[in-house]
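Please open the model in your viewer and keep the sequence panel beside it, since this tour moves from one selection to the next and says what is to be found at each stop.

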Amino acid sequence: MPEVENAQNVIALLKSLRAVRQFRPDPVPQEVVDAVLDVARWSGSASNQQSWEFVVIHNQETLRALAALEGFAAHLAGAALGIVVVMAGDQGQVEQETFDEGRVSERMMLAAAAYGVGSSIGWFKGRGRAAVKQMLGIPRTEILRFAQDDTPESAAFDAHIVLVELYCSLTR
Ligand SMILES: Cc1cc2nc3c(=O)[nH]c(=O)nc-3n(C[C@H](O)[C@H](O)[C@H](O)COP(=O)(O)O)c2cc1C
């Protein structure tokens with residue numbers, strides 16, 4: 001039965017997801033980045049708020065500088081690419097944003113894994129939180145909203161990325 005085989009493949013992918021912190025030097029194909037971001041914007045969120053924004057970082061100097069900030073994202077230094085997840089930081093929506101942040105992060109990791117691309121969450125803390133916002137020019141308010149009326153598209157390839165979770169956004 002093809003459905004069962006398909007289900008088994010999906011479940012195998014879900015079970016196989018691990019944090020990957022050592023990376024090959026290959027660049028991440030744009031098709032993979034596009035697919036990961038497309039999955040992110042199709043993720044559900046509390047009250048459909050989509051209180052997130054994604055900063056894609058290719059620049060190796062920036063990645064190394066981010067890796068050196070206070071937190072748990074040292075693996076960024078060896079990554080070909082990082083995606084910073086920025087939440088809106090609405091103090092009245094902390095629980096919802098926290099849940100949504102984890103949900104969208106996991107989906108992005110799974111989308112990457114579907115292409116054989118390893119990733120890991122990396123958390124900034126303490127002074128690293130303000131530093132990363134300053135470094136990337138992340139504003140205090142105003143986040144982008146993705147339209148949800150597009151058709152999802154996908155593409156394929158194989159490389160490695162890091163998913164950076166910018167939890168600090170909740171304390172803006
Ligand atoms: C909410 C959350 C936050 C995490 N933060 C970090 C982090 O800051 N740095 C890091 O290297 N890994 C981080 N991880 C990855 C965990 O360390 C990893 O998932 C855990 O050790 C289990 O390993 P596995 O995912 O390979 O099974 C985080 C994972 C979760 C779920």
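A residue is called exposed if 12 or fewer other C-beta atoms lie within 10 Å of its own, buried if 20 or more do, and partly exposed in between. With that scale in hand, select N48, which has 9 C-beta neighbours inside 10 Å and therefore counts as exposed. N48 is found in the loop between α2 and β1, and its phi is near 55°, a positive value in a residue other than glycine. Now add S47, which is found in the loop between α2 (30-41) and β1 (52-57); here phi is near 50°, again positive in a residue other than glycine. S47 counts as exposed because it has 9 C-beta neighbours inside 10 Å.

Before going further, display the whole protein chain, and bear in mind that this is a predicted model. The chain has five helices and three strands, which, read along the sequence, follow the pattern α-α-β-α-β-α-α-β. Buried residues make up 32% of its 172 residues. Among contacts between residues at least 6 apart in sequence, 87% join residues at least 24 apart.

Colour the chain by pLDDT next. The average is 81, and 80% of the residues score at least 70, but over residues 141-172 the pLDDT is below 50, although this stretch has 97 contacts in the model beyond near neighbours in sequence. Where pLDDT is low, the predicted coordinates should not be read in detail.

Select helix α1, residues 2-16. Its 15 residues should span 21 Å at 1.5 Å a residue, and its end C-alpha atoms are 21 Å apart, which agrees. The number of buried residues in α1 is zero, so this helix lies largely in the open.

For the interior, select V32, V36, V85, M108 and A112, which touch the most other members of the largest nonpolar core, a set of 29 residues. The elements that give two or more residues to this core are α2, β1, α3, β2 (82-87) and α4 (94-114).

Two of those elements deserve a closer look, beginning with strand β2, where G82 is found. Is G82 buried or exposed? G82 is buried, because 24 other C-beta atoms lie within 10 Å. Measure from the C-alpha of G82 to that of Q60, and the viewer should give 9.6 Å for two residues that are 22 apart in sequence.

Then move to helix α3 (residues 60-67), in which T62 is found. T62 has 15 C-beta neighbours inside 10 Å and so counts as partly exposed. How far apart are the C-alpha atoms of T62 and M135? They are separated by 8.3 Å, although the two residues lie 73 residues apart along the chain.

Finish at the ligand. Which residues are around the ligand? Select R18, A19, R21, F72, H75, G102, S120, I121, G122 and W123, which are the residues around it. With the shell displayed, colour its members by side-chain class, and they divide into four nonpolar, four polar and two charged.

Technical notes. Residues numbered from 1 in each chain as written. Near = placed C-beta within 6 Å. Nonpolar A, V, L, I, M, F, W, Y, C, P; charged D, E, K, R; others polar. Helix = DSSP H or I, 4+ residues; strand = E, 2+ residues; numbered from the N terminus. Contact = placed C-beta atoms within 7 Å. Expected span 1.5 Å × (residues − 1). Core = buried A, V, L, I, M, F, W, Y, C linked by C-beta atoms within 7 Å. pLDDT = per-residue confidence, 0-100.
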